[in-house]
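Please look at how the helices pack and how the aromatic rings pair. A short report follows.

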Amino acid sequence: MVNNQTPSTWKFKLSFLFTIGIAFLIWEGNRYLLFTLRSYFDWFNKPVRKIVVLVLAISFYTIPISALMLVIWYKIFNNGIVNWDLLYTTTLVIMISVLFITHIYETVFLVREAENEKLKKEQLERARAEAELEALKNQIDPHFIFNSLNTLSHLIEKEPAKAKKFNDNLADVYRYILQNKVRELVLLHEEILFLTDYFSLLKIRFEQAVQLQINIDPALFDLYLIPPISLQILVENAIKHNEFSDALPLVITIEMQNDELIIHNQVRKKVLRKTSSRIGLNNLGERYRLTTSKEISVSESASDFTVSLPILKIA
């Protein structure tokens with residue numbers, strides 16, 4: 001377009017600046033179109049529609065503006081003589097260039113948008129998991145308190161001396177629940193101590209009718225982590241669903257096999273007034289899944305009930 005002009009002349013310089021202005025106008029106009037259309041069309045949900053709209057919008061803007069500005073350029077800098085063949089070729093080159101740059105621009109945006117969507121999804125999943133975990137933790141308190149108050153009410157009526165001792169021990173047990181409620185994992189050592197304190201409450205009421213056997217090497221207690229208040233739920237579950245007496249005590253055993261705690265008791269099913277909701281066991285399973293990404297295993301037969309709890313070894 002400027003082959004016949006001398007680069008040193010003011011006319012050449014002005015014509016060159018004019019073409020830069022054309023490029024600026026086309027760039028800013030298409031940029032405005034891209035950002036405007038971005039709020040109406042989503043690459044992820046309607047990709048084909050967005051491509052069609054983008055191509056049409058760019059074409060209907062770029063081609064007329066390019067042709068008009070080039071005609072003006074000819075009128076000002078080429079004595080009004082328009083080289084229509086060169087104008088068509090230049091407009092086509094501009095259009096192809098705009099499509100190419102738009103493709104790069106949208107590809108970069110799409111990659112960044114995909115990364116942002118992935119990050120948002122991960123954040124939402126984490127927030128959901130944390131909310132679920134908090135809700136499950138909050139279920140522990142009323143469940144535990146309800147059963148403890150029932151026991152205390154029974155003892156106050158039948159054996160006041162035991163009721164006082166039970167109340168003192170209950171305070172220690174509940175202190176552990178409050179201190180560890182916000183923690184996702186505790187040392188196995190802490191959980192075993194808590195279970196021992198909790199079981200002392202059961203011994204006050206049931207005496208020799210309930211027995212706890214922990215067959216684990218104490219040297220391993222500080223090498224593993226476990227979600228808090230896990231073992232207590234299983235012991236409470238065994239007490240709730242089984243018949244027992246001094247003559248036929250309920251024996252609950254805890255062993256360790258292959259980085260799993262095996263909690264076992266014999267089954268002598270108690271006749272309940274209403275069907276159990278299994279809220280304690282379901283709560284434990286959900287907390288385990290959310291906290292450790294591991295599943296607990298429950299095995300039940302007519303004579304035995306066994307739960308396997310995966311525990312995390314400290315590296």
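In this predicted model, helices α1 and α2 are roughly antiparallel to each other, because their packing angle of about 160° is over the 145 degrees that this class requires. Helix α1 covers residues 10–38 and helix α2 covers residues 47–77. Their axes lie 10 Å apart. The crossing of α1 past α2 is right-handed. The contact of α1 with α2 draws on 20 nonpolar, 6 polar and 3 charged residues.

Next, the aromatic rings. The model holds 6 aromatic pairs. Two of them are set out here.

| Pair | Type | Centre to centre | Between the planes |
|---|---|---|---|
| W73 and Y74 | edge-to-face | 5.2 Å | 85° |
| Y176 and F194 | stacked | 4.2 Å | 10° |

The Y176 and F194 pair links distant parts of the chain. Y176 sits in helix α4 (residues 160–180), and F194 sits in helix α5 (residues 188–206). The two residues are 18 residues apart.

Are these ring residues buried or exposed? Y176 has a relative accessible area of 10%, so Y176 is buried, as the cut-off is under 20%. F194 is also buried, with a relative accessible area of 2%.

The edge-to-face pair can be read in the same way. W73 is buried, at a relative accessible area of 0%. Y74 is buried too, at 2%.

W73 and Y74 also belong to a wider group: together with F18 and F77, they form one aromatic cluster.

Technical notes: Residues are numbered from 1 along each chain as its sequence is written. This is a predicted model: local features need pLDDT of at least 70, side-chain atom pairs count only at pLDDT 80 or more; totals for chains, interfaces and linings use all residues. Side-chain values use heavy atoms; hydrogens and water are left out. Axes are lines fitted to C-alpha atoms, for helices over the stretch in contact, and angles run from 0 to 180 degrees between N-to-C directions. Helices (H or I, at least four residues) and strands (E, at least two) are DSSP runs, numbered from the N terminus. A crossing is left-handed if the near helix is turned anticlockwise from the far one by less than a right angle, and right-handed if clockwise. Ala, Val, Leu, Ile, Met, Phe, Trp, Tyr, Cys and Pro count as nonpolar, Asp, Glu, Lys and Arg as charged, and the others, Gly among them, as polar. Rings of Phe, Tyr and Trp (its six-membered ring) pair if their centres lie within 6.5 Å; planes under 30 degrees apart count as stacked, over 60 as edge-to-face and the rest as tilted. Buried means under 20% relative accessible area, exposed over 50%, partly exposed in between (1.4 Å probe, protein chains only).
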